[in-house]
Every structure is written in structure tokens, then in C-alpha cells.
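Trainee: I should like to take a close look at a single part of this protein model. Please guide me through the contacts between charged side chains and the elements that carry them.

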Amino acid sequence: LLHCLLLDHPAEVFLKHALVNRHRTAIVRYQHSRPIAVAISHGLINPQSTVFDYGCGHGEDVRLLMESGVSAAGWDPYHNASSSVRSADVVNLGYVLNVIEDAEERRNTLVAAYGLASRVLVVSVRVDRSLDTAAEYADGKLTRVGTFQKIYTQEEFCGYLRDVLGRTPHVVGLGIAYIFKEAQAEAQYLATLSFRGPQSIRQEAVEQFASDPLAQRYLARTRELARPPLGVEFPELPTLIEHFGSLDRIRRISEKLLNPATMHEAQESKRQNILTYLAMIKLQGLHPPPVSALPKDIQADIKSLWHSYAEAIAEGNGFLFRLGSPETVSKECRAAPIGKKLPEDLYVHCSIVDQLPPLLRLLTFAARQVIGEVDHDLVKISMHGRSVSFLKYRDFEEVAHPELEYSVRVFLPKASYTVRNYSNSDNPPILHRKESFVGFLHPRYSEFEALTKREDELGLLSRTDIGTRKGWLTVLSERNLRVEGHDVLADEKPAR
Ligand SMILES: C[S@@+](CC[C@H](N)C(=O)[O-])C[C@H]1O[C@@H](n2cnc3c(N)ncnc32)[C@H](O)[C@@H]1O
């Protein structure tokens with residue numbers, strides 16, 4: 001109400017505010033909101049950047065950022081109205097638009113927030129469907145506690161941003177987008193996306209690893225086992241992680257040293273990466289950034305691989321065209337050296353998506369443009385290349401036959417998606433043969449493989465009715481078997 005009075009809104013807006021409890025939408029947070037966490041993970045927010053949180057609620061994001069050394073400030077018309085509104089490199093408009101019931105004010109708020117950003121605006125809205133049954137109000141819903149919520153679909157959200165700001169948004173998660181103002185920041189962001197993955201390990205890191213005595217012992221043990229050692233097989237693993245980062249990074253560096261690529265292979269993979277990057281930019285309807293805006297090492301790579309940047313761009317466009325050819329995609333899927341191939345689809349675990357051939361990586365990137373980052377374990381690529389699904393299972397690592405929690409299927413020709421939720425299903429689809437989805441460098445590959453071998457020997461996997469929880473449990477109970485951890489055990493015969 002105070003906000004209304006101060007801004008001298010007309011009486012009807014005042015009345016709407018009396019009905020709608022906007023201030024009650026702010027929740028107390030104890031960790032970063034998802035949009036801020038995502039922007040940190042992409043390096044957009046870092047100790048060198050300034051951040052302004054527009055509509056900061058109780059201000060936890062600002063407090064946590066300041067605690068980690070980032071220069072941050074925030075303003076909220078209800079919870080922090082005395083603070084001043086200011087510009088910053090990164091402006092966050094976190095779950096604000098969806099609580100504003102007045103369409104004009106909503107639009108003005110978006111424009112104002114974008115106006116404050118010198119590098120990028122991070123904007124998020126609710127896209128869940130949990131309020132489907134709430135009362136209609138204006139163009140949204142009125143909840144039981146009297147708050148307004150405009151629930152967007154992802155397409156609607158992107159369309160709205162594009163209409164109001166006249167810029168192409170980058171979708172980074174469900175209901176989260178970046179709108180860049182600075183071309184260089186945009187180019188850097190896209191480069192981070194396309195160059196992350198196995199090739200992003202720097203040569204110095206590989207060299208340092210190769211010359212470290214502890215790392216050499218780790219490599220020797222890996223050779224001996226023909227896979228990365230488990231913690232018990234290499235007790236110094238925690239020290240190695242301390243020196244070289246995560247287990248995943250150690251595995252990727254080792255992979256390079258264990259299978260030294262020839263000069264030609266290394267160049268070819270760089271070429272494919274750059275083409276993927278240029279195709280990704282095109283896919284977003286953007287112009288490639290000037291070569292000087294690219295990271296220095298990529299500029300050098302382009303120089304060594306093409307006669308000119310224009311030649312690289314032209315080849316990138318041709319690369320993109322191949323996405324539209326079902327035959328080409330199907331050929332690439334069948335030839336993919338990783339993942340599980342079924343007649344209609346290729347399945348791969350999220351940890352090895354970066355090892356897919358470039359065209360298939362580009363296809364998953366295109367799908368991510370529609371829905372952003374979704375928590376998932378497996379990616380399913382249809383052989384004809386028209387759809388990509390992200391599948392989330394309950395406890396993929398620990399459970400022998402994980403149950404599907406949800407799937408998000410992106411239909412690429414229409415840039416539309418559907419979500420199927422199985423979390424309340426009493427008979428969800430389940431997985432078998434987990435090793436076929438993960439790379440053989442996965443730390444639990446042998447464990448998964450041993451279970452499959454045992455289940456095969458027992459004739460359990462040749463049945464056609466084991467694809468869902470009930471079918472599988474029936475088969476096990478008919479055979480008086482149970483699965484514990486990643487072992488098949490005989491059940492005690494029921495007493496007569
Ligand atoms: C769902 S909360 C989100 C708060 C915070 N950004 C977060 O993610 O925790 C929505 C916030 O928008 C604020 N708000 C409402 N109308 C606004 C407007 N016109 N401009 C800026 N913020 C507004 C509310 O006061 C509320 O704190």
C-alpha cells in the first residue's frame with residue numbers, strides 16, 4: 001500500500017493492492033535462490049562483478065553474496081523500501097514479475113530492471129502448475145493467502161521477454177533467463193557453454209597431473225584395473241581430490257593421459273567444438289560476436305584452423321543444417337561410441353553427454369535452449385533427431401533399478417516441451433542394465449555390470465514385463481529373489 005501511495009497509483013490499483021498481499025510472496029531463504037546460484041555457476045556473478053537485486057524480498061541473496069565478497073545491494077518496495085535503486089553489472093529480478101497483477105506495472109518493472117543492468121539481467125518467474133485449481137484473477141491466479149501469481153509457460157515467458165525488451169533471452173533453467181546487454185559477456189557465456197566438457201581441461205592441468213607422483217600412482221592403478229579405482233582401491237583419493245579438484249575432473253584429466261590423442265584428433269575435436277559454438281549462436285538467432293570478443297585461446301584456435309573467421313562461421317552454419325536431417329542424426333546416434341541404443345532412441349547418462357559426437361551435443365544444446373537446465377540423470381535422443389528428453393530417476397547411483405520421477409521431453413521442430421511426472425505413480429517405469437548408460441570410466445561401472453550379468457544368468461532380463469516397478473517385483477517374487485544394494489539374493493522360502 002505504501003508503495004502505491006508513494007508511486008501515486010490510481011485508486012483502482014490501490015484497491016487491487018488492498019486485495020492482493022504482494023509482500024507475502026517473499027519467503028525467508030537460507031541459501032541462494034536458484035537464479036543467483038545459476039548465475040554464480042556460469043561465472044556471471046563473481047567477486048569482480050557488482051550485483052543489484054531488484055525486488056529482493058527479505059534480502060538473503062544480497063546478504064549471502066556480500067558474505068562471499070561480492071559487492072551486492074538490493075531494493076524491495078515492501079521489505080527494503082528505504083534502500084536506493086541503483087545500477088550494477090548484474091541485475092536480478094527474481095520471481096517478481098509473477099507476483100505483479102497489474103500488467104502495465106509488470107512491464108514497467110521489467111524495463112526498469114533491464115535499464116539498471118550494464119552487463120546482464122537475470123530474470124525468473126514461476127513456471128510450475130501447482131496453482132491450476134486456484135481462483136482466476138486478472139491474467140493469473142489468486143492464492144488462498146491472497147497473493148497473486150501469474151504462472152508462465154516457458155514459451156510464454158521467453159516470448160514476453162522478447163516482446164518487452166526486444167532482445168533474445170537465453171533460457172538457463174525452468175523459468176530462468178538471461179538477457180545480455182553487453183555483447184562480450186554474451187559471447188563469453190556462450191563460449192563457457194560450448195567449450196565446457198572434456199576438452200575444457202587445460203593443457204597445464206594435464207601436465208601438472210602427469211608429473212605429480214601421487215597422480216602417477218593413480219594412473220598406474222587405473223591402468224591395472226582398466227577403470228578408475230574406487231575409494232577403497234586407492235585410499236589416497238581424498239588427497240588427490242584436494243590437489244586436483246573433483247573426482248570428475250580427475251577422471252577427465254586421466255582420460256587424456258591414458259588415451260593420448262594424436263595431434264590430428266586434438267585439432268579435429270577443437271574444430272568440432274568451435275563449429276558447435278558457432279552453430280549454437282546461430283541457433284539462438286544471434287550474430288556471431290566479433291572475433292576480438294572471443295576468449296583469447298579460442299581466437300588462437302580459430303586462427304590455426306581456418307583461413308578466416310568468416311570461413312569458420314560459414315562452416316558453422318552448414319553444421320547447423322545437419323540437425324534438420326533425420327538420416328544424419330540417426331547415423332550419428334547409431335555410431336555414437338557411448339550410451340544405450342534402442343531402436344527408437346539413444347540414452348546417455350548426464351556425466352558423458354559432453355563426450356557425444358558434436359552433432360548430438362548440439363542437439364541437446366538446442367533442447368536446453370527450450371527448457372534450460374533441468375535436473376536429470378539420463379538424456380534420451382530420438383533417432384530421428386526431433387525430440388530430446390531429460391529423465392530424472394530416484395537415486396540413480398544407489399538404487400539398482402531406479403524409478404523414473406519425471407521426464408521433460410522437448411519437441412525440437414516446435415520448440416515445445418511436455419513434462420510427465422511419475423512421482424505419485426504406483427507403477428513407474430524403472431531402469432535395468434545401468435552400466436549401459438554410463439561411461440566405462442564411471443566409478444561404479446563394474447558394480448552395475450556385475451549386477452546385470454547376475455540378472456542375465458538368472459534369466460530375469462529376457463522377460464518383457466520388467467519395465468515397470470510392479471512387473472519387476474512380480475518377476476522377482478515368482479522366483480523368490482530380491483535385490484539388495486546391487487546384489488540379487490535368494491529370499492527365504494516361505495514357511496509351510
Ligand atoms: C516472490 S518474492 C521474491 C523475492 C526475492 N527476489 C527472492 O527470490 O527471494 C517477490 C518480491 O517482489 C516484490 N515486488 C512486488 N512488486 C514489485 C515491484 N513492482 N517492483 C519490485 N519488486 C516488487 C515483493 O515485495 C516481493 O518481495
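Which residues are linked with R394 in a network of salt bridges?

Mentor: The model is a predicted one, and the network you ask about links R394, E403, E405 and R469. Within this network, the side chains of E403 and R394 meet in a salt bridge, with 3.9 Å from N to O. That distance falls within the cut-off of 4 Å used for a salt bridge. The two partners differ in their surroundings: E403 counts as buried, at 18% relative accessibility, whereas R394 is partly exposed, with a relative accessible area of 35%. The value for E403 leads to the word "buried" because that class covers residues under 20% relative accessible area.

By the same rule, the count of salt bridges comes to 23, and two further pairs deserve attention. D139 forms a salt bridge with R106, and their closest N and O atoms are 2.8 Å apart. This pair links distant parts of the chain: D139 lies in the loop between strand 5 (135-137) and strand 6 (140-142), while R106 belongs to helix 5, and the two are 33 residues apart. D139 is partly exposed, with a relative accessible area of 38%, but R106 counts as buried at 2% relative accessibility.

R119 and E182 also meet through their side chains in a salt bridge, at 3.7 Å from N to O. R119 is in strand 4 and E182 is in the loop between strand 9 and helix 7 (183-195), so the pair ties together parts that are 63 residues apart in sequence. Both residues are partly exposed: R119 has a relative accessibility of 25%, and E182 has a relative accessible area of 32%.

The elements named here lead on to a sheet. Six strands form an open sheet in the order 2-1-3-4-9-8, with mixed pairing. Its edge strands are strand 2 (71-75) and strand 8 (170-173), each of which pairs on one side only. Neighbouring strands of the sheet are turned by 20° against each other on average, direction ignored. Strand 8 and strand 9 (residues 176-180) run antiparallel and are joined by three bridges; in strand 9, Y178 is the bridge partner of H170.

Helix 3 (residues 34-41) packs on this sheet, touching strand 3 (88-94), strand 4 (117-124), strand 8 and strand 9. The direction of helix 3 makes about 55° with that of strand 9. Helix 5 (residues 103-116), the helix of R106, lies across strand 1 (50-54), strand 3, strand 4 and strand 9, and runs at about 140° to strand 4.

Technical notes
Residues are numbered from 1 along each chain as its sequence is written. This is a predicted model: local features need pLDDT of at least 70, side-chain atom pairs count only at pLDDT 80 or more; totals for chains, interfaces and linings use all residues. Side-chain values use heavy atoms; hydrogens and water are left out. Two strands pair if DSSP finds at least two bridges between them. Helices (H or I, at least four residues) and strands (E, at least two) are DSSP runs, numbered from the N terminus. Axes are lines fitted to C-alpha atoms, for helices over the stretch in contact, and angles run from 0 to 180 degrees between N-to-C directions. Contact means heavy atoms within 4.5 Å. Buried means under 20% relative accessible area, exposed over 50%, partly exposed in between (1.4 Å probe, protein chains only).
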